[in-house]
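Q: Got a minute to go through a structure with me? I'd like to talk about its charged pairs and one loop.

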Amino acid sequence: MSTISRRKFVTGGLAAAAGVSSLAVASRLSKKYGLVPPDSGGIYGPGETLTYAAQQLLARHSVAREFPRSMISKVPFANAIAPLSDEFKRLEAGGFAGWQLSIQGMVARPASLSLTDLKSFPVRSQITEVVCEEGWSYIAEWTGTSLSDVLKEAGVLPQARYLVYFSIDPDWWESIDIADAQHPQTLLTWAMNDADLPVAFGGPLRLRVPRQLGYKSVKFITRLTVTDSAKGFVSATDPKSPNYGYSWYAGI
């Protein structure tokens, strides 16, 4: 079966299954074609699977809306969660010169990069909207390094499926699939609105995933782990997890 005909077949099957409210059928079809998110179990699993599978088939290469500079929010809402650890204070006092981002897991060339190293990659900017699951939003210009460039340099292995990324706060992390990690709009940001990224907004380094809700754009990033399985990490449906029970896929 050709790629096009297979895609039409799977999409049609998912749509038909959803049309008759057969989420279980759609879930089985998604599993057959490897379109299953980490939170596919439990009572909400079939719905989560259908949402993720439809996104993969219909919107894999879509882009988040980008805005003109005139629409940048005059007073963006920081929703500040500044870490107060001694380690963070020490790094902040030194102008974050000692900040390091480690790339590990299923990569050919594990690395530890400073902010200076990251800024040596091609610089990318975008004016996109942060949309919070709590109902607020704001538009800002984000400048940084394309995550795909960093992953390409590290050499992501073919069997890799997910990227798990961690804040300096060890209990704060999230994950996305490799497709979103390699999407051109996914940035490791170190500047905002023509200035260094403020601590209140995640400085010195924040991962911006503009195609997903705000909780996927974790602040104070220090570590990236490439993996072929989400097992071994806290379940996306565990209320103790970083996303407090939110869906693993948070597409908007």
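Q: How many salt bridges does the count come to?
A: It comes to 5 salt bridges. Keep in mind that this is a predicted model.

Q: Which residue does D194 form a salt bridge with?
A: With R69, and the closest N and O atoms are 2.8 Å apart. D194 sits in the loop between β7 and β8 and R69 in the loop between α3 and α4, so the pair ties together parts that are 125 residues apart in sequence.

Q: Is D194 buried or exposed?
A: D194 counts as exposed, at 62% relative accessibility, while R69 is partly exposed at 46%.

Q: What network are R69 and D194 linked in?
A: A network of salt bridges that links R69, E141 and D194.

Q: OK, E141. How far apart in space are N193 and E141?
A: Their C-alphas are 5.0 Å apart, with the two positions 52 residues apart in sequence. A polar atom of the N193 side chain also lies 2.8 Å from the backbone nitrogen of E141.

Q: And where does N193 lie?
A: In the loop between β7 and β8. N193 is partly exposed, at 26% relative accessibility.

Q: Switching topic: what about R211 and D180, how do their side chains meet?
A: In a salt bridge, 2.7 Å from N to O. R211 is in the loop between β9 and β10 and D180 in helix α7, 31 residues apart.

Q: Is R211 buried or exposed?
A: Buried, with a relative accessible area of 7%. D180 is buried as well, at 3%.

Key. Residues numbered from 1 in each chain as written. Predicted model: local features only at pLDDT ≥ 70, side-chain atom pairs only at ≥ 80, totals over all residues. Heavy atoms only, no water. Helix = DSSP H or I, 4+ residues; strand = E, 2+ residues; numbered from the N terminus. Buried < 20%, exposed > 50% of the residue type's maximum accessible area, 1.4 Å probe, protein only. Polar contact = N/O pair within 3.5 Å; in protein donor to acceptor, adjacent residues only side chain to side chain. Salt bridge = Lys/Arg side-chain N within 4 Å of Asp/Glu carboxyl O.
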